[in-house]
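Please examine the side-chain contacts and the helix packing of the chain shown below, with attention to how exposed the participating residues are.

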Amino acid sequence: MSKLTKNQKTAEEKVDFGKQYRLLEACRLVKETNYAKFDASVDLAVRLGVDPRKANQMVRGVVTLPHGTGKVTRVLVLCTPDKENEAREAGADYVGLDEFVEKIKGGWTDVDVIICTPSVMGKVGALGRILGPRGLMPNPKTGTVTMEIGKAVKEVKAGKIDFKVDKTGIVHAAIGKVSFNAEQLAENAQELLNTIVKLKPQSLKGTYVKSIFISSTMSPGICIDSKTFSAAE
C-alpha cells in the first residue's frame, strides 16, 4: 500500500471516518479537505440496494442542478438543416449531420453531450458501438432525442445531467466544483438525491439508499447520513 502524502494526511485528519455527516456539513468539509491546485470537481456516489441486472430495478434519470456543474459542456447537435439555426442560437458548439457522423466513425468524440432529432436516429443508431461505451448515445429518456432542440441545448448548458446506476449498484455524478460555496454544493446534491429517491423501484424490497459519499477529485470520501432523505429506507 502506498504511503499517504503530507497533503493527504492533513486532509484525512479533518475527517471522522466513523461519522455520518449532515449534507451541508459534508459540503463544507469537502471544501476544507481539498488540496488540489486546480478547480477540482465535486462528486456524489450513491450506493443503492437495487439489482441493476433486473430491468425493473434499473435506476436512470435526468436532473437540472440549480447551480450547474461548473464545467463547460460541449454539445453536438445532429439534425436536418431546418433545425440547425435553432441549435446554434441555443448555444450548441457543433451542428450538422453527415460530416459529424463520418468524423465519429473515424474516432472523433470530443464532446460531452450529443442531441439529435428523431428523424436522424437511423444514422445515429449506426454509431452505437462508438457512442454507447462513452455514454454519448442520444436517448429519448434523457431528453437528448427530441424535436425541441433549442430547449434541450439550453437545459444541458444550464446544468442538466443524466445519471444511471452502474453494474455495482452505484450512481456517480458530478455536482459542481470546489470553487462553489458549500450552500451551492448542498443544493445541487439535494436536487440529485431528491430525484434518485423519486425513482425508487416499486419492486424493491429493503433499504433503497445504502450509503452516500461526497468527495472532490483529490479529497477523501465523506459519508453523508442517508437517513435524512425521505424514502431512503
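Asp51 is buried at 18% relative accessibility, where buried means under 20% relative accessible area, exposed means over 50% and partly exposed lies in between, computed with a 1.4 Å probe on protein chains only. Its salt-bridge partner is Arg53, with the closest N and O atoms 3.0 Å apart, and Arg53 counts as exposed at 75% relative accessibility. A salt bridge is here a side-chain nitrogen of Lys or Arg within 4 Å of a carboxyl oxygen of Asp or Glu.

The model is predicted, so that local features need pLDDT of at least 70 and side-chain atom pairs count only at pLDDT 80 or more, while totals for chains, interfaces and linings use all residues. Residues are numbered from 1 along each chain as its sequence is written, and side-chain values use heavy atoms, with hydrogens and water left out.

**Salt bridges**

A search of the whole structure finds 12 salt bridges, and three of them, including the Asp51 pair, are set out here with their N to O distances.

| Acidic residue | Basic residue | N to O distance |
|---|---|---|
| Asp51 | Arg53 | 3.0 Å |
| Glu84 | Arg88 | 3.6 Å |
| Glu183 | Arg28 | 3.7 Å |

The side chains of Glu183 and Arg28 meet in a salt bridge that links distant parts of the chain, with Glu183 in helix H8 (residues 182–198) and Arg28 in helix H2 (residues 23–32), 155 residues apart. Helices (H or I, at least four residues) and strands (E, at least two) are DSSP runs, numbered from the N terminus. Glu183 is partly exposed, with a relative accessible area of 37%, and Arg28 is also partly exposed, at 42% relative accessibility.

The bridge between Glu84 and Arg88 lies within one helix, H3 (residues 84–90), where the two residues are 4 apart and therefore separated by about one helical turn. Arg88 is partly exposed at 44% relative accessibility.

Salt bridges also link Lys71, Arg74, Asp110 and Asp112 in a network. Within this network, Asp110 lies in the loop between H4 and E5 and is partly exposed, with a relative accessible area of 39%. The C-alpha atoms of Asp110 and Lys157 are separated by 16 Å, the two residues being 47 apart along the chain.

**Packing of H2 and H8**

Two packed helices are described by the angle between their axes and the distance between the axes. The axes of H2 and H8 come within 8 Å and cross at roughly 125°, where axes are lines fitted to C-alpha atoms, for helices over the stretch in contact, and angles run from 0 to 180 degrees between N-to-C directions. That angle makes H2 oblique to H8, since angles under 35 degrees count as roughly parallel, over 145 as roughly antiparallel, 65 to 115 as roughly perpendicular and the rest as oblique.

Glu187 lies in helix H8 and is partly exposed at 42% relative accessibility. Glu187 and Leu24 are 163 residues apart in sequence and 8.7 Å apart in space, C-alpha to C-alpha.

Pro201 lies in the loop between H8 and strand E8 (209–216) and is buried at 9% relative accessibility. The C-alpha atoms of Pro201 and Val59, 142 residues apart along the chain, are separated by 7.5 Å.

**Aromatic pairs**

The structure holds 3 aromatic pairs; rings of Phe, Tyr and Trp (its six-membered ring) pair if their centres lie within 6.5 Å, with planes under 30 degrees apart counted as stacked, over 60 as edge-to-face and the rest as tilted. The rings of Tyr94 and Trp108 have their centres 5.3 Å apart and their planes at 85°, so the pair is edge-to-face. Because Tyr94 lies in strand E4 (residues 94–96) and Trp108 in the loop between helix H4 (98–105) and strand E5 (113–116), this pair ties together parts that are 14 residues apart in sequence. The rings of Phe100 and Trp108 have centres 5.7 Å apart and planes at 40°, so this pair is tilted.

Ring pairs thus link Tyr94, Phe100 and Trp108 into a cluster. Tyr94 is partly exposed at 27% relative accessibility, whereas Trp108 is buried at 17% and Phe100 is buried with a relative accessible area of 9%.
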